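Reader: Could you walk me through the inside of this one? I'd like to hear what each term rests on.

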Amino acid sequence: MLYSKINKGFLTIAAISALTFSNVNAQKKVKPNWESLAKVNEAPDWFQDAKFGIYAHWGPVSQAFEGTNPKKFYAGWHGMKMYEDGKKVPTKNGKPTSNYLHQVEKFGDPAEFGYKNFIESFDTSGFDAKVWADLFAASGAKFAGPVAMHHDNFAMWNAKSTRWNSMNYGGIDPSASLKKEIESRGLKFMGSFHHAFTWQYFAPAHKYGGVDAKDYDLYTNPHELNSMTPDSRFYKEWWDKLKEFIDVYQPDLVWFDWWLENMDEKTRQKFLAYYYNKGKEWGKDVVVCYKESTFPENTAVKDYERGRPNQPKKDVWLTDTSPGAWFYRPGARFKTPNELVDILADIVSKNGCMLLNVPPNPDGSIPEVMQNLLIDMGKWLKINGDAIYGTRPWTIFGEGPTRLPEGGHKVEKIKIEYTNKDIRFTKKSEKEFYAIVMDVPENETIIKSLSTQLGVLNSKIMNVELLGSNEKVVWERNERGLVIKAPKACPSNYGISYKITMEGYVENNIGGAVDTHAEN
């Protein structure tokens, strides 16, 4: 980062040269090739500092299961699964999906009541952008926005690129209203796109029958079920929608779901170059997040769906996760605030950020259980935020008995319960770092990694403070580790954070975590 130097009111020659170089560099356009794209991209400081963001899966598909008995439905995939009857549209076991059976029972034959009928009856009466934005800000999130377009090809904005949009069917522009409210509260604005998979999502509708040719702008042109090669019309419409959203709403972050990796390389390069150049034009440091092998890791931020690495990564990364189902599902079970706080701490200690989903009710209101969950997370972050926001990975990410067996996608399906012996580390500077104790301590906390015999910390500890408390911390460092007496009153019910100040520190690049629970 270049800083101008001022000497008695005049810029020094070095500063002028730096500024000139900076201006020239900012004017250079990114080219749509991997070499050029790799040079421009480094996740901006705002994103690395933010750590926590929110998006919301809401749209016409949300109303498909309102007031029903909660069976194992594919909530967000209803537009695909509702056509899989097991005969016309084969399934793995040759039987109809539960979505198809539900569709026939509640709405009728999909050939008569197709997905477009859900769009035509989209109820937006409960949506309030101010309420959403207040809740996002209260949760402690630093960036937020809508699922702009899911697999169903429906635009959650006042689109000119498609007639299937929330203004024509719903009478609202949630992207515009959310952008205004989110940014007015100091958060960055994002939009997520899932419409690469639309090509396969609506293939069963064509196989089943009943799709009118005039509606191919929603369902795509007819094609085989397992086709991996979208036609030219699909490519054009995919790009038109994405480009329009970028041009109109100027998002700070664009997030992609899977299947984009199956679209041609030229299209992916075209998008990145266009968006990065737009960021330069707007004077914004923009971010792109992706799954699978869509982009090389040196051109954008890698995302792990409901998962995370089990070791720190050199480059910042993202987890997208949901406390329950992605879309509204009656009777859905939600993670507790304690679980989500633990997951966030583990992510941040490994150089990651969390993108948390909020699944609204069918009418766009936020379920009470979700409101309470976000407010509780915000309370924890208000106390412990210094150990999260603006931090970077420490020498090791943590210690304790509870670890992911392996990293990757969807590892959160494994039930993990962290204890007060599990510690996660983050740092702010070379003289201070944080130890997050993942549950409320009982008598004492022993941070074994900081033993005088292990050599992880080669500096003298000067002070230990408990975030959110004025209580004097009683501690000593010896061969057992950093031994901290439990506070008389814990400032949080979900674990606590200690700020540790050192005399001076030289990084020991040992990586990973210290196994403090092995016998030897």
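Reader: What makes residues of helix α8 (residues 174-184) count as buried?

Author: Buried means under 20% relative accessible area, with a 1.4 Å probe and protein chains only. In α8, a DSSP run of H or I with at least four residues, numbered from the N terminus, Pro174, Ser175, Leu178, Lys179, Glu181 and Ile182 fall in that class. This is a predicted model, where local features need pLDDT of at least 70, side-chain atom pairs count only at pLDDT 80 or more, and totals for chains, interfaces and linings use all residues. Residues are numbered from 1 along each chain as its sequence is written, and side-chain values use heavy atoms, leaving out hydrogens and water.

Reader: What covers the buried residues of α8?

Author: The cover includes α7 (129-139), β4 (143-149), β5 (188-193) and α12. Just after α8, Gly186 takes a positive phi of about 85°.

Reader: Why is the largest space called a cavity?

Author: Because a 1.4 Å probe fits at its points, on a 1 Å grid over the protein atoms alone, but cannot get out. The largest cavity has about 60 Å³, as the space filled by probe spheres set on points joined across faces, edges and corners.

Reader: How do you know which residues line the largest cavity?

Author: Lining residues have an atom within 4 Å of a point. Among them here are Asn153, His195, Trp238 and Lys241. α12 gives the largest share, 4 residues.

Reader: How many cavities are there by this rule?

Author: The count is 4 of 30 Å³ or more. The second largest holds about 40 Å³, and its lining includes Trp58, Met149 and Phe327.

Definitions and conventions. 1 Å grid on protein atoms, 1.4 Å probe; cavity = no way out; pocket = protein on both sides within 12 Å on 5 of 7 lines; lining within 4 Å. Helix = DSSP H or I, 4+ residues; strand = E, 2+ residues; numbered from the N terminus. Buried < 20%, exposed > 50% of the residue type's maximum accessible area, 1.4 Å probe, protein only. Contact = heavy atoms within 4.5 Å.
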